[in-house]
Amino acid sequence: MMGPSHALSGASVWLAGSWALDHFAGYGQSPLAVAVGATVCAGGALLPDLDLSGKVTRNQGGATVARTFGVFSLFVAEVVEKVSLGVYTATKLSRDPRRTNGHRTFTHTLPFAGLVGWGTTTLCASYGKWAVVAIVFLMAGLALRGLFDEWAERAGWLIVTLASGAIAWFTAANLPGDRGYPMLGMAVGVGCVVHLLGDMITKNGVPILWPIPIGRRMWRMVGVPNGMAVRVGGKTETLVLRSLFTLVAVLAVAGMFAPHVLRNLDLEKWAGG
């Protein structure tokens with residue numbers, strides 16, 4: 001899937017989950033907390049594609065998300081790609097093909113999603129509000145690059161960085177500082193898992209079962225049959241799926257903060273109310 005679809009799917013899944021927690025478990029969140037979680041989950045849904053590196057010195061190539069913060073994020077993507085390739089080479093079995101790059105390897109696995117989710121939770125628990133602000137800055141940049149791809153391409157990495165900084169500043173000014181924010185780590189992890197599910201419905205699949213060996217292969221790509229696969233950038237992705245994600249996000253926000261809208265539209269019963 002393309003970057004906008006990944007980011008939008010992450011945001012919609014988080015908003016739908018927040019609505020479900022509010023509706024069925026009575027776990028309410030402030031609008032800011034929901035917005036921060038959705039932003040971080042949208043950014044997390046792009047995080048796995050940092051394993052596609054480009055030309056660092058020219059600020060070219062790589063995944064779109066790898067150019068979020070200019071040459072700095074391209075350099076990070078270069079490091080992530082090499083680490084992913086190293087993990088692949090070190091753990092591959094006899095029937096795993098030889099690879100020269102690490103795209104769709106380690107960062108496209110459940111252990112990676114769990115690792116970054118745990119790491120985020122640990123940082124927030126250890127350093128509190130300021131760790132949250134730093135994570136929001138990074139994830140907001142990825143989310144902006146994904147959700148507003150064409151605008152971000154025209155505006156350039158500096159504008160995206162300044163916009164991310166403004167979001168982080170607003171978060172710092174309004175977020176309470178006396179909490180550990182464990183939900184933030186979940187948002188990053190969930191975003192990564194949503195990315196894997198999105199790539200699984202495309203042709204190439206992802207090694208989601210790693211590190212479980214199957215048939216002398218450690219890195220078996222898992223996905224839907226090719227006949228059912230969504231073409232990347234095709235109408236099914238750009239029109240059907242994105243429209244569905246947008247509808248879910250809008251209904252979830254209305255269900256949490258404007259339930260009277262659903263009642264007026266006679267949608268409350270449809271939405272489970």
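Author: A residue is called buried if its relative accessible area is under 20%, exposed if it is over 50%, and partly exposed in between (1.4 Å probe, protein chains only). The structure discussed here is a predicted model, in which local features need pLDDT of at least 70, side-chain atom pairs count only at pLDDT 80 or more, and totals for chains, interfaces and linings use all residues. Residues are numbered from 1 along each chain as its sequence is written, and side-chain values use heavy atoms, with hydrogens and water left out.

Reader: How many aromatic pairs does the structure hold?
Author: Rings of Phe, Tyr and Trp (its six-membered ring) pair if their centres lie within 6.5 Å; planes under 30 degrees apart count as stacked, over 60 as edge-to-face and the rest as tilted. When that rule is applied to this model, the number of aromatic pairs is six.

Reader: Why does the pair of F69 and F137 get its label, and what is that label?
Author: The centres of the rings of F69 and F137 are 5.4 Å apart. Their planes stand at 25°, so the pair of F69 and F137 is stacked.

Reader: How many residues apart are F69 and F137?
Author: F69 sits in the loop between β2 (60-61) and α3 (71-91), where helices (H or I, at least four residues) and strands (E, at least two) are DSSP runs, numbered from the N terminus. F137, in contrast, belongs to helix α5 (residues 129-147). The pair therefore links distant parts of the chain, with F69 and F137 lying 68 residues apart.

Reader: What does F69 count as, buried or exposed, and what does F137 count as?
Author: The relative accessibility of F69 is 10%, and therefore F69 counts as buried. For F137 the relative accessibility is 25%, so F137 counts as partly exposed.

Reader: What label does the pair of Y88 and W219 receive, and why?
Author: In the rings of Y88 and W219, the centres are 5.2 Å apart. The angle between the two planes is 45°, so the pair of Y88 and W219 counts as tilted.

Reader: How far apart in sequence are the parts that Y88 and W219 tie together?
Author: Y88 lies in helix α3, while W219 is placed in the loop between α8 (182-200) and α9 (235-257). The pair therefore ties together parts of the chain whose separation in sequence is 131 residues.

Reader: Are Y88 and W219 buried or exposed?
Author: Y88 has a relative accessibility of 3%, so Y88 counts as buried. W219 has a relative accessibility of 2%, and therefore W219 also counts as buried.

Reader: Which residues form one aromatic cluster with Y88?
Author: The tilted pair of Y88 and W219 belongs to this group, since W219 is one of the members of the cluster. The residues that form one aromatic cluster with Y88 are F106, F112, W210 and W219.

Reader: Which residue lies over the face of Y88, and which lies over the face of W130?
Author: A charge sits over a ring if NZ of Lys or CZ of Arg is within 6 Å of the ring centre and within 35 degrees of the ring normal. Over the face of Y88, at 5.6 Å from the ring centre, lies R99. Over the face of W130, at 5.7 Å from the ring centre, lies K129.

Reader: Which residue is joined to W210 by a cis peptide bond?
Author: Most residues other than glycine have a negative phi, and most peptide bonds are trans. The bond after W210 is cis, with an omega of about 10°. The partner lies in the loop between α8 and α9, and the residue joined to W210 is P211.

Reader: What is the phi of R104, and is R104 buried or exposed?
Author: R104 lies in the loop between α3 and α4 (110-127). R104 is not a glycine, yet its phi is positive, at about 55°. The relative accessibility of R104 is 13%, so R104 counts as buried.

Reader: What is the phi of R216, and is R216 buried or exposed?
Author: R216 is placed in the loop between α8 and α9. Although R216 is not a glycine, its phi is positive, at about 60°. Its relative accessible area is 56%, so R216 is exposed.

Reader: Where is T105 found, and is T105 buried or exposed?
Author: T105 is found in the loop between α3 and α4. The relative accessibility of T105 is 0%, and therefore T105 counts as buried.
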